[in-house]
Amino acid sequence: MLKLESVKVSYGAIEAVKGVSLEVRKGEVVTIIGANGAGKSTLLKSIVGLEPVKDGKVYIDGKDCTYVAPHKRVGLGVAMSPEGRGVFADQTVRENLMLGAYSRKSDPRAIEEAIEREFKRFPRLKERQHQLSGTLSGGEQQMLAIARALMSEPRLLLLDEPSLGLAPLIIKDIFEAIRQLRHSGLTILLVEQMAKQALGVADRAYVLETGLITLEGSGKQLLNDPKVKAAYLGAH
Ligand SMILES: Nc1ncnc2c1ncn2[C@@H]1O[C@H](COP(=O)(O)OP(=O)(O)O)[C@@H](O)[C@H]1O
Ligand SMILES: [Mg+2]
């Protein structure tokens, strides 16, 4: 469903992603773990087209999308919940969800159905649909960010650090939501610093270090890898 070949992304003279190759197959949950500054967000942005690829290739469903505009990639079935959630604080929950459906704005009924579907998935969002999003808790905002990404009915969902800044109990809820999405058959590429939880939910995983993949394997393999344990799993 997704294949990257030697992808490089730079910010001026800084090369943030230095030649990454990876793939995500249909129905898989794949995680990329890595420290702050490793290039995880940059990599996800290059997949949705928000950062230009300097070298290498991005294939979506076998189609070369390296230079395809972001909105067209949404049309191809890719959506992202960005790091820091990116919800519009001064708009209501419902309005934020509508924004996720901009690619379908000619079909109000489909949008309404999509909203109802997300309300079913995240009942707290339904209760708070007319509330300004800035008044939601961090966990609720994260659910809103995921629900908004799902409004375009993607086949591949990219999640950038959904656990960031959340309390442990809320992180559990977020990972439970990810498990349910996985159960529904959605293909997911999850970027996380919470390595233990991410590896626990993932079929396969990659370790990204300063712009390069240094390890890959099944989630279970990496959970038991001594290097991963030492660098990412700490004392847990
Ligand atoms: N907009 C930007 N301009 C310049 N440098 C950036 C920008 N965004 C990220 N970087 C740099 O690129 C590298 C990778 O960042 P990022 O992709 O955000 O890493 P991660 O998501 O793994 O924390 C870091 O060195 C960061 O400072
Ligand atoms: Mg990041």
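**Exercise 1.** Determine how strand 3 and strand 8 are joined, then place them in their sheet.

Solution. Strand 3 (residues 29-33) and strand 8 (residues 187-192) run parallel, with five bridges between them. Strands here are DSSP runs (E, at least two residues), numbered from the N terminus; helices are runs of H or I with at least four residues. Pairing requires at least two DSSP bridges between two strands. One bridge links Ile-33 to Glu-192 in strand 8. Next, the sheet: six strands, open, mixed pairing, order 6-7-8-3-9-10. Strand 6 (78-81) and strand 10 (212-218) are the edges; each has a single partner strand, so one side of each lacks a neighbour in the sheet.

The model is predicted: local features need pLDDT of at least 70, side-chain atom pairs count only at pLDDT 80 or more, and totals for chains, interfaces and linings use all residues. Residues are numbered from 1 along each chain as written, chains are lettered from A and ligands numbered from 1 in written order, and side-chain values use heavy atoms, without hydrogens and water.

**Exercise 2.** Find the backbone polar contacts of ligand 1, then its buried share.

Solution. A polar contact is a pair of N or O atoms within 3.5 Å. Start with Gly-37: a polar backbone atom lies 2.7 Å from a ligand 1 oxygen. For Ala-38, the distance is 3.1 Å. For a backbone N or O atom of Ser-41, it is 2.9 Å. Finally, the area: ligand 1 alone exposes 560 Å², and the protein buries 61% of that (Shrake-Rupley, 1.4 Å probe).

Notes:
A polar contact is a pair of N or O atoms within 3.5 Å; within protein, one must be able to donate a hydrogen and the other to accept it, and residues adjacent in sequence count only if both atoms are side-chain atoms.
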